[in-house]
Amino acid sequence: MSTHKVSIIDVAKEAGVSYQTVSRVINNSPSVRESTRRKVQEAIQALNYHPSLSAQSLKTQRTRMVGVIASQTQYSGPLLTISAIERMARSRNLFVSVATVDEARLNPEDFANIEESFVKLGVEAVVIVAPTEAMVTLAVESHVNIPRVIITAAEGMQELSSRQFDAQRVKFVTTNQDEASRHIVHTLSERGVDRVIYLRGPQQWRDAYTRCEACKRACIDAGLDIQILDMNDWLSANSYEKISALLTSQGVQSMKNTAVWGANDLLAMGARRALIEAGLVIPDDVCVVGYDDMPGMESLVPPLTTVNPNYEHVGSLAMRLVLDLLGYGAADEDADSASLDTMLVEGSENLYFIEPTVVLRESTR
């Protein structure tokens, strides 16, 4: 059996090109013709060639490493986002190093230590999944001089525009809540709903703040009354207690022509239990709406109307911005994929958004 290690020269001979052209293909240079790129890729596959990443790093002074800092990974959203980031990075021969943090115990020194560790590893950029105000503050105020893409909600107790950062090196990715909220409210109005009871998530979470504000704007525009109940966590037990207390104080009949909308699916599920135990029929007596489209929501009786934030698209967009910031060229996308410019929020130079998907099911029909 031959022990000869396939080299870039062997690939060049097989493809009938120069070794410089092979190098350009390996490094995803846009200057290579598509026909030549395919020929080189076929030669790489035929010879089972594996580029030496360490050699590439020494030659280019680039590590092709991206750091990811994420919190709240017990929830499915951040995990789906991280998975999309890693998948797109791997497709471009980049590698991801992930650090997960517990926000309840996180302080500026700990966050700085994580970033310093990334600097020592040689990461070229950092993606930060920052759902809370505290996490956004640490991400924005970082003194590490490498590009950062911060995934967070557009609105919060402190506006992103009020913070100090280098707009050329810091980008934000968010989801646009307004259109989805208008769609839900329009659906509720057509069903005869005239009041929305909104279960607002903990306000230190920027998503909780943004989702509530979008719901309020949509209800006001449609002429629906809105009553907001504050939740100090995202768990179903909290909403079950709040809706049970509301039913006791206002009576079951008060829920007629009403929709209960949870800031996430768990809050909607807790409310749903309280409503059913009170003898109300969903959706005949009261509509129920959630947010996040968690697994299993389609199997409830009746299935839950919700909003899918498209977390995978959020992660993919964040990675596209990293590639753009680092000059690695645009990621391979479908022909109908939107350009980065079309995802830029109007009037902003660094805030990009993904549209969530409204998932209409029987709990509002």
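**Group meeting: a walk through the model**

Let me start with a cavity. The residues lining the largest cavity divide into five nonpolar, two polar and one charged. Before I name them, a word of caution: this is a predicted model, so please take everything I say this morning in that spirit.

Who are these residues, then? The lining of the largest cavity is made by Gln177, Ala180, Ser181, Tyr198, Arg211, Trp261, Tyr291 and Val307. Helix 8, residues 177-190, gives the largest share of that lining, with three residues. The largest cavity holds about 40 Å³ of space, and the structure has one cavity of 30 Å³ or more.

Now let me step back to the whole chain. We have 13 helices and 12 strands. Of the 365 residues, 51% count as buried. Along the principal axes, the C-alpha atoms fill a box of roughly 80 × 45 × 40 Å. And if you take the contacts with a separation of 6 or more, 71% of them are between residues 24 or more positions apart.

Next, the strands. Please find strand 5, residues 170-175, on your screens. How many of the residues of strand 5 are buried? Six of the six are, so strand 5 is largely enclosed by the rest of the structure. The side chains go two ways here: Val170, Phe172 and Thr174 point one way, while Lys171, Val173 and Thr175 point the other way, and all are buried. I'd invite you to look at Lys171 and its place in that list, buried along with the others.

What does strand 5 pair with? One partner is strand 4, residues 148-151, in the parallel sense and over four bridges. In that pairing, Arg148 stands opposite Val170. Another partner is strand 11, residues 351-354, which also runs parallel to strand 5 and is joined to it by four bridges. There, Thr175 of strand 5 stands opposite Ile354.

Strand 6, residues 195-200, tells a similar story. Six of its six residues are buried, so strand 6 too is largely enclosed by the rest of the structure. On one side we find Arg195, Ile197 and Leu199, and on the other Val196, Tyr198 and Arg200, all of them buried. You may recognise Tyr198: it is one of the residues lining the largest cavity. Strand 6 pairs with strand 7, residues 225-230, in the parallel sense over six bridges, and Val196 stands opposite Ile226 in strand 7.

Let's move to the start of the chain and look at helix 1, residues 8-15. Which residues of helix 1 are buried? They are Val11, Ala12 and Ala15. Because these residues cover an arc of only 100° around the axis, they sit on the same side of helix 1. What covers them includes helix 2 (19-26) and helix 3 (34-47). Right after helix 1 comes Gly16, with a positive phi near 75°.

That brings me to the backbone, and to a few places worth a stop. Most residues other than glycine have a negative phi, and most peptide bonds are trans. Here are some exceptions in our model.

First, phi. Asn48 is not a glycine, yet its phi is positive, about 55°. Asn48 lies in the loop between helix 3 and helix 4 (53-60). Is Asn48 buried or exposed? Its relative accessibility is 55%, so with the cut-off for exposed at over 50%, Asn48 counts as exposed. Asn93 also has a positive phi, near 60°, and is likewise a residue other than glycine. You will find Asn93 in the loop between helix 5 (76-91) and strand 2 (95-101). With a relative accessible area of 37%, Asn93 is partly exposed.

Then, the peptide bonds. Where are the cis ones I'd like to show you? One runs from Ile282 to Pro283, with omega near 5°. Pro283 belongs to the loop between helix 11 (265-277) and strand 9 (286-289). Another is the bond from Val301 to Pro302, cis as well, with omega near -5°. Pro302 sits in the loop between strand 9 and strand 10 (306-308).

That's my tour. Thanks for listening, everyone, and I'm happy to go back to any of these spots on the screen.

How values were computed
Residues numbered from 1 in each chain as written. Predicted model: local features only at pLDDT ≥ 70, side-chain atom pairs only at ≥ 80, totals over all residues. Heavy atoms only, no water. Buried < 20%, exposed > 50% of the residue type's maximum accessible area, 1.4 Å probe, protein only. Arc of directions from axis to C-beta. Contact = heavy atoms within 4.5 Å. 1 Å grid on protein atoms, 1.4 Å probe; cavity = no way out; pocket = protein on both sides within 12 Å on 5 of 7 lines; lining within 4 Å. Points joined across faces, edges and corners; volume = space filled by probe spheres on them. Nonpolar A, V, L, I, M, F, W, Y, C, P; charged D, E, K, R; others polar. Pairing = 2+ DSSP bridges.
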